[in-house]
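Okay, thanks for squeezing me in. I'll put the thing on the screen and then walk you through the pockets, the strands and a few side chains.

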Amino acid sequence: MTDRLAPTALLVVAHGDGGERPRDDTVRTLAERLAKRLDIPVDWATLKRPESFAAARARLGAAAERLVVYPLFMAAGFFVRVKLPKLLAEAGFGEAELLPVFGLDPRLVDLVEHRLRSVASMQGGRTPKDFRIVLVAHGSASGDTGSRRAAEAIAADLGYRLATTLHVAFIEEAPFFDEVIGAGAEIVVGLFVSAGTHALDDVAACVTKTPSVRHHVATVGDDTGVADMVVAALISRLEAPV
């Protein structure tokens, strides 16, 4: 067995927000938090802004020799499997190594569980099983099942840990989020990696007009614990046998 070489730089990549004024604060903030904790350069890019890959490559320079990429996505769908490697190669990151996808990391369930327990406790010292909890994910209108499977796996794991049933709803496929939330949701958690259009506009607007909702977690990607997840993923990579 040989030792795995330590990375020389880290690139955090997200899908990114659309529009003329993209709300990409989540990925930038995460990169900044990681830069303060790691002893290697950290940068970021988004698929929505392909030019951000070239910009990151220019900033990293020679440090990109052994680049590790953290895919800030909820599922390993088309964007992670096809588009991300293509953009990395085009920017000169051809030898980059991808870490496990954010949404498939078991540590994410720990993070959401902690958040749900904290939220429930603030409601008069109650527990999550006292509330109707809805997890909202993106889903896919194209038939890609990655988002659905990831969300359902998180819901099943949380349901076991919290001794309750969590309801799953989607933006692009049934059951649709507005119908599930409108049926009496009390705690709504967005299984989104960033505070973009879906989290801040679509779901938030629905929550605002639903009187039963007591608490809304717009996006799990903004949690400060995400940086801990990335650091842990890097440590696991170094400790894994080659």
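Before the pocket, the residue classes: Ala, Val, Leu, Ile, Met, Phe, Trp, Tyr, Cys and Pro count as nonpolar, Asp, Glu, Lys and Arg as charged, and the others, Gly among them, as polar. Also, this is a predicted model, where local features need pLDDT of at least 70 and side-chain atom pairs count only at pLDDT 80 or more, while totals for chains, interfaces and linings use all residues. Residues are numbered from 1 along each chain as its sequence is written, and side-chain values use heavy atoms, with hydrogens and water left out.

Right, the empty space. On a 1 Å grid over the protein atoms alone, a pocket is an open set of points with protein on both sides within 12 Å along at least five of seven lines, a cavity is a set where a 1.4 Å probe fits but cannot get out, and lining residues have an atom within 4 Å of a point. Points are joined across faces, edges and corners, and a volume is the space filled by probe spheres set on them.

So what lines the largest pocket? There are 30 lining residues, and His 15, Phe 73, Phe 79, His 138 and His 198 lie nearest the centre. The volume is about 790 Å³, and the lining splits into 13 nonpolar, 13 polar and 4 charged residues. Helices α3 (78–90), α5 (146–162) and α7 (197–208) each give at least two residues to that lining. Helices here are DSSP runs of H or I with at least four residues, strands are runs of E with at least two, and both are numbered from the N terminus.

Stay with Phe 79 for a second. A search of the whole structure turns up 1 aromatic pair, and that is Phe 78 with Phe 79, edge-to-face, 5.8 Å centre to centre with 70° between the planes. The rule: rings of Phe, Tyr and Trp (its six-membered ring) pair if their centres lie within 6.5 Å, with planes under 30 degrees apart stacked, over 60 edge-to-face and the rest tilted. Phe 78 is partly exposed at 44% relative accessibility, and Phe 79 is partly exposed too, at 35%. For the cut-offs, buried is under 20% relative accessible area, exposed over 50%, partly exposed in between (1.4 Å probe, protein chains only).

Over in α5 we have Ser 147, buried at 16%. Leaving out residues up to four places away in sequence, Ser 147 touches Ala 75, Ala 137, His 138, Gly 139 and Phe 170, contact being heavy atoms within 4.5 Å.

Now the strands, which pair if DSSP finds at least two bridges between them. One open sheet has 4 strands in the order β2-β1-β3-β4, with parallel pairing, and the edge strands are β2 and β4 (97–98). β1 (9–14) and β2 pair over 5 bridges, with Ala 14 partnered by Thr 46. In β2 (42–46), 4 of the 5 residues are buried.

β7 (187–190) is buried throughout, with Ile 187 and Val 189 pointing one way and Val 188 and Gly 190 the other. β7 runs parallel to β5 (133–137) over 4 bridges, and to β8 (215–217) over 3.

Last stop, the cavities. There are 2 of 30 Å³ or more. Ala 14 turns up again in the lining of the largest, which has a volume of about 30 Å³. Val 189 is one of the residues lining the second largest, and helix α4 (106–122) supplies the largest share there, 3 residues.
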